[in-house]
Amino acid sequence: MCAARKNSAQSANSFEAPANGEVKYKTETFDGYFFEPSPYTRVSKEEKNKNWEALYEFGISGIPRAEAAKLTNETLANPDNPDEYMIQLEVFHNLHCLNMIRKQLYPDEYPELWEYWENGTVNHFTLQAKHIDHCIDQLRQSLMCNSDVTPVVFGHNFFGRGIYPKLIATHTCRDFYAISDWAKAREVENYNATGQFHDVHR
């Protein structure tokens, strides 16, 4: 379910989200990256890790009490700054999840993410496995919540084997980098998840 539980007649973005004012739109044509290498997939492990982490590593943001009071869901103050309340924009959580799933698909590059039973089969009951299951369903819910209605058109297959959906489509997108700039300017640095948390605020 989407976080905002509003009347269906209301806009999905009508609730008070601190970054709403930074949302800008632009037209982008997606790259298919079927035969061409993507900087997020078919480069060295070190380069892939760097590229992915650069998309979300600043993702925990601090907002003032007045903005926290307008949130639909409660949040906590920064353990190191009781006047700063912590949020993470969903896009950065989703990118983290997609990166985790990506790594899980390459056990040769990330063997530390896999655990096995004595008979050699994969142990799907580890904390890491639960993390991946969470990420899969997180992305399912986010995709359904946002329900991109961009038309994907059809064309002749590259190999002449029939008519298939094209891999490239033109979308109206939120400007990811404008939203990233907002988050970077409010980054909670040296975040410590085990710190002493202050009061909850909505």
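Me: What does Tyr116 count as at 48% relative accessibility?
Reply: This is a predicted model, with residues numbered from 1 along each chain as its sequence is written; local features need pLDDT of at least 70, side-chain atom pairs count only at pLDDT 80 or more, and totals for chains, interfaces and linings use all residues. Side-chain values use heavy atoms, with hydrogens and water left out. Buried means under 20% relative accessible area, exposed over 50% and partly exposed in between (1.4 Å probe, protein chains only). At 48%, Tyr116 is therefore partly exposed.

Me: How many aromatic pairs does the structure hold?
Reply: Rings of Phe, Tyr and Trp (its six-membered ring) pair if their centres lie within 6.5 Å. The number of such pairs in the structure is 6.

Me: What kind of pair do Trp114 and Tyr116 form?
Reply: Planes under 30 degrees apart count as stacked, over 60 as edge-to-face and the rest as tilted. Phe34 and Phe35, at 5.1 Å and 70 degrees, are edge-to-face. The centres of Trp114 and Tyr116 are 6.4 Å apart and their planes lie at 20 degrees, so this pair is stacked.

Me: Which element gives the most to the largest nonpolar core?
Reply: A nonpolar core is a set of buried Ala, Val, Leu, Ile, Met, Phe, Trp, Tyr and Cys residues joined through side-chain atoms within 4.5 Å. The largest has 18 residues, and Ile87 and Trp182 are among those touching the most other members. Two or more residues come from each of β4 (81–88), α3 (90–104) and α5 (176–185), as DSSP runs (helices H or I, at least four residues; strands E, at least two) numbered from the N terminus. With 4 residues, the top contributor is α5.
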